Amino acid sequence: MTMTPEHYVQQKAAASGSSFYYAFLFLPKPRRAAITAFYAFCREVDDVVDDMVDPGVASTKLAWWQSEVAQSFAGQPSHPVMQALMPLAADYKIEQRHLQAVIEGCQMDLAQTRYLDYPGLQRYCHLVAGIVGEVAANIFGQTQAQTTVYAHKLGQALQLTNIIRDVGEDALRGRIYLPMNELQQFDVKAHEILKRSYSDRFTALMKFQAQRAQGLYDEALALLPQADRRTQKPGLMMASIYRALLTEIERDNFQVLHQRVSLTPLRKLWLAWKVQALGRI
């Protein structure tokens, strides 16, 4: 039996066990199909970097995706993800530049394992999370231009939460996303993170990162126009789940070097349902 593009993206999205999955559950079917296909695309290009053995091969794969996206928008998608996504692209304002930006973010990941300062990290977050937020907000049904600003800010907050959660895992791959000048500010050496050793200085550095992320959640939620609060519920679910995760990490005193802190599926579902039912975080 051949797998349809729709089945393919459904499996790709579900297999990741991601929090996004819980946020999609409550969407009407056509919007759910669009976000699932888009999310599957993000997973595909992300996996190129995550599963990388040889940077040369990974770079070639990303270049293939760049041309596949261009071809798809010219009417000839060959990958099941693009075959599932293209019929929905126009309806939900998904543009070629959005998908190319996500690929560019992954290329940054290949080329760079350190970020000198926060503005440098922000550029990366803009590509891999801000743009994703922008596309998602359109799929969810935004009506106000201001919602795009909210979506970018929320994307940044979610990405910083990911970075905080994954410090240890990233260190195993030789990557440090925390800005180097902030490591210096708190007197934390890169090799301490790569060796995954804790210290009071490390905890202070992480507290600083967490405060920044919490501030971004507050800013994002304040930016969301009242008129779009109902349509943007899936994004609010993500904010609720990720904020609960961040609070858990803070409570745990940033024990992120030797483990990946996560919430149970039941807790994620409960947080998503609360937003769905009560309309607030």
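**Reasons behind the labels**

Tutor: Let's start in a loop: Asn253 sits between H13 and helix H14 (265-278). Keep in mind that this is a predicted model.

Student: What makes Asn253 partly exposed?

Tutor: Buried requires under 20% relative accessible area and exposed requires over 50%. Asn253 has 38% relative accessibility, which falls between those limits, so the label is partly exposed.

Student: What is the phi of Asn253?

Tutor: Phi is positive there, about 60°, although Asn253 is not a glycine. Most residues other than glycine have a negative phi. Lys93 is another such case, with a positive phi of about 55° and likewise not a glycine.

Student: Where is Lys93, and why is it called exposed?

Tutor: Lys93 belongs to the loop between H5 and helix H6 (96-111). Its relative accessible area is 51%, and the label needs over 50%, so Lys93 counts as exposed.

Student: How do you know that Gln232 is buried?

Tutor: Its relative accessibility is 1%, which is under the 20% limit, so Gln232 counts as buried. Gln232 is in the loop between H12 and helix H13 (233-251). Beyond its neighbours within four places in sequence, Gln232 touches Ala137, Phe140, Gly141, Gln142, Thr147, Tyr150 and Leu224.

Student: Turning to helix packing, why is H1 called roughly perpendicular to H5?

Tutor: The axes of H1 (residues 5-15) and H5 (residues 80-89) cross at roughly 105° and come within 8 Å. Angles of 65 to 115 degrees count as roughly perpendicular, so the pair earns that name.

Student: Which residues meet there?

Tutor: From H1 they are Pro5, Glu6, Tyr8 and Val9, and from H5 they are Pro80, Val81, Gln83 and Ala84. By class, six are nonpolar, one is polar and one is charged.

Student: And what makes H4 oblique to H5?

Tutor: Helix H4 (residues 55-73) packs on H5 at an angle of about 40°, with the axes 10 Å apart. Roughly parallel would need under 35 degrees, and roughly perpendicular starts at 65, so H4 is oblique to H5. Their crossing is right-handed. On the H4 side the contact uses Trp65, Glu68, Val69, Ser72 and Phe73, and on the H5 side Val81, Met82, Met86 and Ala89. These residues divide into seven nonpolar, one polar and one charged.

Student: How do you know that Lys12 and Asp47 form a salt bridge?

Tutor: Their side chains approach to 2.8 Å, N to O, and the cut-off is 4 Å, so the pair qualifies. Lys12 is in helix H1 and Asp47 in helix H3 (residues 29-50), 35 residues apart, so this bridge links distant parts of the chain.

Student: Why is Asp47 called buried?

Tutor: Its relative accessible area of 18% is under 20%, so Asp47 is buried. Arg43 is buried too, and it forms a salt bridge with Asp47, with the closest N and O atoms 3.4 Å apart. Arg43 and Asp47 are about one helical turn apart because four residues separate them in helix H3.

Student: What makes Arg212 and Glu182 a salt bridge?

Tutor: The closest N and O atoms are 2.6 Å apart, within the 4 Å limit, so the pair counts. Arg212 is in helix H12 (residues 200-223) and Glu182 in helix H10 (residues 180-185), 30 residues apart. Both residues are buried. Elsewhere, salt bridges with shared partners join Lys12, Arg43, Glu44, Asp46 and Asp47 into one network.

Note on methods:
Residues are numbered from 1 along each chain as its sequence is written. This is a predicted model: local features need pLDDT of at least 70, side-chain atom pairs count only at pLDDT 80 or more; totals for chains, interfaces and linings use all residues. Side-chain values use heavy atoms; hydrogens and water are left out. Axes are lines fitted to C-alpha atoms, for helices over the stretch in contact, and angles run from 0 to 180 degrees between N-to-C directions. Helices (H or I, at least four residues) and strands (E, at least two) are DSSP runs, numbered from the N terminus. Angles under 35 degrees count as roughly parallel, over 145 as roughly antiparallel, 65 to 115 as roughly perpendicular and the rest as oblique. Contact means heavy atoms within 4.5 Å. Ala, Val, Leu, Ile, Met, Phe, Trp, Tyr, Cys and Pro count as nonpolar, Asp, Glu, Lys and Arg as charged, and the others, Gly among them, as polar. Buried means under 20% relative accessible area, exposed over 50%, partly exposed in between (1.4 Å probe, protein chains only). A crossing is left-handed if the near helix is turned anticlockwise from the far one by less than a right angle, and right-handed if clockwise.
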